[in-house]
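Reader: I am new to this structure and would love a close look at a single part of it. Could you pick one helix and walk me through it?

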Amino acid sequence: MPETLTKILDKVNSPKDLKVLNINELNDLAQEMRELIIKKVNTTGGHFGPNLGIVEATIALHYVFNSPKDKIVFDVSHQCYPHKILTGRKEGFTDKDSYLKYTGYTAPEESAHDLFKVGHTSTSISLATGLAKGRDLLGEKENIIALIGDGSLTGGEALEGLNNAAVLNSNIIIVLNDNDMSIAENQGGICNMLTELRECCGEVKNNFFEALGFEYHYVDNGNNISSLIETFSRVKDTDHPVLVHIHTIKGKGFKPAEENKEPFHWILPETLDHLNEPAALQGESYESLTKDYLLKKVSEGEPIAAINAATPGVFGWNKEFRDKMGSHYIDVGIAEQQAVAMASGIAKRGGKPILGIMSSFVQRTYDQLSQDLALNNTPATLLIFWGGISSADATHLCTFDIPLISNIPNIVYLAPTCKEEYLKMLDWSVNQNSCSVAIRVPMNISYSGTVDSTDYSILNKYKTVNSGKDIAIIAVGSFFEQGKKLADYIKSKLNINPTLINPCFISGLDKELLNGLKDNHRVVITLEDGELSGGFGEKIASYYGSSEMKVLNYGSQKEFTDRVPLDELYKRYRLLPEMICEDIEKVI
């Protein structure tokens, strides 16, 4: 891509430098920032459309307000790249060698201008209400600004935040960035309400925000810096709750992203270099298997409901699939709690709900998993995607789902190791009516080459893949391949033929099998692609607690990692076969 000129940005090292620029210079700055974001994100990957759409609003916010004294809270913070450029971190966008210096989300350790480390949605208003109340208790006077998108407004916490912000009776300014998109198309009544406000330029009789108690302002061109500065200046230092509704264009300044917003929400490195090339043929995956299964069931007349919470791309549920599913497809908006409760209701009424959810977002569903689903023992199916140790940002770690889900009564948590097991487990779950089921979908597809004839209604029955002695390896789901590699290493290094076990069930113990291992085994190794604390391995260790059996658990530690390379984490957690073998030698 061509070199980006930064004539105006060269003068801007902090927000105060904006205040001496004229409107033409601010517009030029917006263009420079936009070009930097396009170039940088195309190199590293990351959130694309959200950042391009918020450039002008970010410039206007920092022009009018006085960060960090005035406090700006970002929702999700996947639109914080322009903010980082203006708050002393522009080298992360101008210098290729510094592209990975800063995280893709707000991070207080990076800058005083970042208030919270956030990566999940619908939180900014609630966080801002706390900041505002804390300010009032201390008798201070700064502005508190919460930035939230129209997609995020569909989340329950956002509505809870609005409810409380409206009665603060002091300064709180909510900036609603409305680009008529979530990650995919917006859904629901809130979407319809915002559409009416946009079409009437904010002039409607029944204004939801005014009814709550907010002073309401509408900016039809939310990518116009002059209009934004005028409105923000009008509401600055207010003594009561205000909501500024700005209409922006997601992907602004990059035509393909403006015209086809969903695939440009987040992009992989070098995506823009291959826009005119034909799409590469995709091989079989768990995503494609799931889509084929759901479409087949719908074609057979089954009362299937495929549910997700505004992240269809995680599961490969593209527009073509959604259109084919028709009314059998449900996007509840960014509302995982609603998704779980709705799934429970569908199952209670005799339907067959299949909820797709990313591991990192499972924690948002905890109360509904426990109360609305498990306590009622409704036979819904949850597909947990992307679970495992990774080099992800701290905000999107996927290592916590096993402890969270597997310790709730009445939920059977299954861990397939291959295509054949996955399809068998999925079909069993959809057709049974005795329990709630979650399936931890592996990232990479593998094949056993044989038909899976397992009866999964016989709960907690493990599979012994290889019978040996002295050492038993119990490798869960996506770590079963790790288990096979470890077994081979033990054979060559220790001259021991270990027993290899595929437990299939994460949430329960095969006590008969575990007792049988006591006869001719001295060590049990557990491998799981997730957090050890409260996880699968600890259940095995606890079961053997009063016996002579030695148990070594391997998985991730209880910590928030942040963009740590995967190979470094595997070494830290001693997950390499040679490291595990060293540990075994110490105990036998």
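Author: Gladly; here is a walk along one helix, from its length to its neighbours. This is a predicted model, in which local features need pLDDT of at least 70 and side-chain atom pairs count only at pLDDT 80 or more, while totals for chains, interfaces and linings use all residues. Residues are numbered from 1 along each chain as its sequence is written, and side-chain values use heavy atoms, leaving out hydrogens and water.

Our part is helix α6, residues 124-138. Helices here are DSSP runs of H or I with at least four residues, strands are runs of E with at least two, and both are numbered from the N terminus. With 15 residues, α6 reaches 21 Å from its first C-alpha to its last, close to the 21 Å expected at 1.5 Å a residue (1.5 Å times one less than the number of residues).

Now look at which residues are buried (under 20% relative accessible area, with exposed over 50% and partly exposed in between, using a 1.4 Å probe and protein chains only). In α6 these are Ser-124, Ile-125, Ala-128, Thr-129, Leu-131, Ala-132 and Arg-135. They lie on the same side of α6 because they cover an arc of only 165° around the axis, taken from the directions from the helix axis to the C-beta atoms. On the other side of α6, Leu-137 and Leu-138 are exposed.

What do the buried residues of α6 pack against? Their partners are β2 (71-74), β3 (144-149), α7 (156-165) and β4 (172-178), where contact means heavy atoms within 4.5 Å. Finally, just after α6, Gly-139 has a positive phi of about 75°.
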